[in-house]
Amino acid sequence: MTVNTGSFPAGIEMLDAGEVAARLGRWVPLGASLARSWAEAGRIVGVTQGARRLYPACQFDAVGLPLPVMRELILVLRPGMSDADVLRWLGTACPALQEARPAELLPLRPDAVLEAARLMVTGRAPAAA
């Protein structure tokens, strides 16, 4: 489902815990708790909307597992950013990515997204293309 989460970027596909588990394409014991356990382990980020916890779909691969780069990306961003801030960053045009949104490039160019996060955190300007 694509939701508008108020102050969060429009057009980011968000999944609830059941949808995260369903993307795996197989039955998962306690599937609804899977997303929560991944978030607690620092493998994905999620935001609360009302009574639900939602997770950006861009952080999962084609079979529904967290992208390997997410753990390091979260470590880079987390000291100064909440999960909601990370979601906003993922959905905002990024100069280091030639104005593409990190969410769009995360599955295609994870190393570039990680480098953009590092540049943003350190305050360094992106290298000229």
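This text walks through a small sheet, a helix lying across it, and an aromatic pair, all in a predicted model.

Residues are numbered from 1 along each chain as its sequence is written. Because the model is predicted, local features need pLDDT of at least 70, side-chain atom pairs count only at pLDDT 80 or more, totals for chains, interfaces and linings use all residues, and side-chain values rest on heavy atoms, without hydrogens or water.

Start with the sheet. It is open, has three strands in the order E1-E3-E2, and pairs antiparallel. Strands (E, at least two residues) and helices (H or I, at least four) are DSSP runs, numbered from the N terminus. Two strands pair if DSSP finds at least two bridges between them. Strands E1 (14-16) and E2 (47-49) form the edges, each pairing on one side only. From one strand to the next, the twist averages 45°. Angles run from 0 to 180 degrees between N-to-C directions, with axes fitted to C-alpha atoms, for helices over the stretch in contact.

E1 and E3 (residues 52-56) pair over three bridges. Met-14 has Pro-56 in E3 as its bridge partner.

Now the helix. H4 (residues 83-90) lies across E1, E2 and E3, at about 95° to E2. Contact means heavy atoms within 4.5 Å.

Last, the rings. The whole structure holds one aromatic pair. The ring centres of Trp-38 and Phe-60 are 6.1 Å apart and the planes meet at 40°, so the pair is tilted. Rings of Phe, Tyr and Trp (its six-membered ring) pair with centres within 6.5 Å; planes under 30 degrees apart are stacked, over 60 edge-to-face, the rest tilted. Trp-38 sits in helix H2 (residues 31-40) and Phe-60 in the loop between E3 and helix H3 (69-77), so the pair ties together parts 22 residues apart in sequence. Both Trp-38 and Phe-60 are buried, meaning under 20% relative accessible area, against over 50% for exposed and in between for partly exposed (1.4 Å probe, protein chains only).
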